[in-house]
Amino acid sequence: MKKAILTLIVLAISLTAMAQATQPCIVKQYNQKQQKTPLSGVQVEVRDAGSTTSANDGAVTLQFATLKPGDHVTVRRIMKAGFEIFNKAAVDQWNISRNQHRFEIVLVQSAYFAQLKSNLTQSSTDNYKKKYEQAKAELAQLQKAGKLKEEEFRQQLNDLEDQYDNALRNLDNYIDQFARIDLSEVSAEEQRILDMVQDGQIDEAVKAYEELDISGKLRQAWENKKALSEAKARIEDEEAAQDQIIEDLTEKQKREIATLKLAGGKENYDKIAMMLKDNALHDTTNVKFLDEYAKFAYDQNDFKEAERFWLMCLNGCGDDPGKLSAFQNNLGNIYSKSNDFAKAEEYYLKALENRTLLFNQDPDANRAEIAMIYNDLGNMYFVLRDYAQAESVYLKALENRTLLFEQAPEKYRVDLSATQRNIGNLYNRMGNYSKAEDFYLKALENNMVLFSQDPDKYRNVLAMSQNNLGSLYYTMHEDEKAENYFLLALENKTQLFNKNPDAYRATLASTQNNLGNLYCRQKDFKKAEEIFLKVVENRGIMFAQNPDAHRLELVLAYINFGRMYSIAQDFNKAEACYLKALENEEALLKQNPKFGSYVASVYSNLAYTCLNNQDCSKAIGFIEKAIAYVSNNPDFYEIKGEILLGQGDEQGALEMWKKIKEIAPNYLSKHNGETELHRQLKEKGMIDD
């Protein structure tokens, strides 16, 4: 594989101000040989300093009217056609320097950066898949050797699947982080290792990093610092040297962690966790290290560890309302995902209180954070079905994110789109379809802009918006619009699936199922059958990989397929689909007794199918099993009454109608004033109008 050479555009900016703060400024570009040349034509817009463009000699002068040394610098826009910001994290942390320290912005050619990430994605995805398959094979071997019981094997296989799915969900972020490593700053020793990564030799790179023993050296540096601090007065210079060593090793460790993330596999994530936790515990007063490990644990769904270390952050950040608010909101997210909603609300409201104090003092500097809290709080209320509260806080999130978007569209478009989609979901759930449509369309508009800028990164969110609109129009019986959006979503999800089948199989099957239901309702059974075959295929593959996680989805796929055949009056095929669903009856109930309602649905559909196929002897047995699972469903008694009439048991059918009236007095009104059982009994003079 040809070695990739990273081309960086380095834009170093110092800020010159007339009134409060000035700093030197120069703009440079790194070419492929890392030679520095002036870079012109870069537009830089900074809050409180206006907008300017780098000159031919790379000079940029920004003049601040009110800021002074130590104040945070907010960059609104850095733009040059064909380039994008490379060191965004560093730019976001700018404070005006007291010692005329020069700022640096790094730009990278957009086309090259996209290709670099594409190459890394392919290599890393292949590595993740290989490690996943190895781990599955090891579990299977242990089971075959009798070292794992069936229950233990399935639990460990389920855990492995969850780890693999979670890793794939986070992979895009890891790819982006690794791709942003500035190779001009690394040593020749590390350059060799990072070249391995770019050549697809990720496991070899991991091994090479391990041979360097960066974590061991960093650990030793921490120990050296601790020893030196006891005699600080005598060896201040040496302590400063160790600080520099720690800083250098920490940066190396970051690059090692980035490589481990690309490599994937549980063993590599365990290594990352150990490194970050080790850093945090070596200096528990360093909130940055505590927060870094907590965030990693949260991303791995290790909520107990994330909670523990964010609580340590909370206790160690003093009375700073900004830090308090950030950690309180993080804890709110943990408790919300853990379904501890009382605690979640408590911490969200504390976070909101602290952030409101800062917002009242400086709205612009705190608007993004307060909008995030409102959005997260709205998500919790939505899950709790407290729609009034959810609407109230969602609208506040929308108000603030709209203002942010108006100031910096490219920076805040993603956040605005997310809140618009959330509000659309809320109104859809509330049955306010016109408002839901309005917000779904706004989210779609923003996602289309994002997609046009970076198709690979935003294809999935665009497909989500298209699927949301398709589902809404399906509910509204606007079938033409529903089909259009389902097909658009299907096209995008298919492209995602083709690049990474395991990561996108579930979402592809979901849209396929939606489209199949639509064609079934339109009685286009040929199209419906074609699409449902794909749903069953994809659900079957997912089930084979992780039975417990996807058993119910497979059962529902066969139920939908069977209903389609029933509507098409192909009752033999319908019965075959329902019997396939019943193959999972015992395992489904063992997994969760509440799934009995789904099993009952299968039996009732079988009974109805046999009734239509004029096989009442089979039908009565199936409906009795459905009633045994769910005894208060009036539809089941309706079917049983029709079956009994087919067997000539008119008195038994009448008893079923009485049972229906007992458990559902308004049953007729929900069926437009008539059902088949009611009609036949009325014709026989057994009931009055």
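This is a chat between a colleague and a modeller about how the labels on this predicted model are earned.

Colleague: What should I know before we start?

Modeller: The model is predicted, so local features need pLDDT of at least 70, side-chain atom pairs count only at pLDDT 80 or more, and totals for chains, interfaces and linings use all residues. Residues are numbered from 1 along each chain as its sequence is written, and side-chain values use heavy atoms, with hydrogens and water left out.

Colleague: How many helices and strands are there in the protein?

Modeller: There are 28 helices and eight strands. They are DSSP runs numbered from the N terminus: H or I over at least four residues for a helix, E over at least two for a strand. The C-alpha atoms fill a box of roughly 105 × 60 × 50 Å along the principal axes.

Colleague: Why is Ser604 called buried?

Modeller: Buried means under 20% relative accessible area, exposed means over 50%, and partly exposed is in between (1.4 Å probe, protein chains only). Ser604 has 8%, so the label is buried. Ser604 sits in helix α24, residues 596–612. Of the 689 residues of the protein, 47% count as buried.

Colleague: Which residues does Ser604 touch?

Modeller: Contact means heavy atoms within 4.5 Å. Not counting residues up to four places away in sequence, Ser604 touches Ile623, Ala626, Phe636 and Ile639. Across the protein, among contacts between residues at least 6 apart in sequence, 58% join residues at least 24 apart.

Colleague: What makes Asp92 and Lys88 a salt bridge?

Modeller: The rule asks for a side-chain nitrogen of Lys or Arg within 4 Å of a carboxyl oxygen of Asp or Glu. For Asp92 and Lys88 the N to O distance is 2.8 Å, so the pair passes. Both lie in helix α1 (residues 88–92), four residues apart, about one turn of the helix. An α-helix has 3.6 residues a turn, so residues three or four places apart point the same way.

Colleague: Are those two side chains buried, exposed or partly exposed?

Modeller: Asp92 is at 36% relative accessibility and Lys88 is at 40%. Both values fall between the cut-offs, so both residues count as partly exposed.

Colleague: How do you know that Glu655 and Lys658 form a salt bridge?

Modeller: Their N to O distance is 3.7 Å, which is within the limit, so the pair counts. Glu655 and Lys658 are three residues apart in helix α27 (residues 650–663), about one helical turn. Glu655, at 38%, is partly exposed, and Lys658, at 46%, is partly exposed too.

Colleague: How many salt bridges does that rule give?

Modeller: The count comes to 36. Among them is Lys442 with Asp438, whose closest N and O atoms are 3.4 Å apart. Some join up: Lys129, Glu133, Lys136 and Asp502 are linked in a network of salt bridges.

Colleague: Why does Glu256 have no salt bridge?

Modeller: Lys and Arg count as positive and Asp and Glu as negative, while His and the chain ends are not counted. The nearest side chain of opposite charge, Lys271, is 7.3 Å away, so Glu256 misses the cut-off. Glu256 is buried all the same. Leaving aside neighbours within four places in sequence, Glu256 is in contact with Tyr209, Glu210, Ile214, Ser215 and Met275. Glu256 belongs to helix α7, residues 236–263.

Colleague: What makes the span of helix α9 close to the expected one?

Modeller: The expected span is 1.5 Å times one less than the number of residues. Helix α9 (residues 287–299) has 13 residues, and its 18 Å from first C-alpha to last is close to the 18 Å expected. Its buried residues include Phe289, Leu290 and Tyr293. The buried residues of α9 pack against several helices, including α3 (150–179) and α10 (303–316). Just after α9, Asn301 takes a positive phi of about 65 degrees.

Colleague: Which residues touch the most other members of the largest nonpolar core?

Modeller: A nonpolar core is a set of buried Ala, Val, Leu, Ile, Met, Phe, Trp, Tyr and Cys residues joined through side-chain atoms within 4.5 Å. Of its 171 residues, Trp310, Ile623 and Ile643 touch the most other members. Helix α3 gives the most to this core, with 11 residues. Apart from it lies another core, of 18 residues, among them Val44, Val46, Val60 and Leu62.
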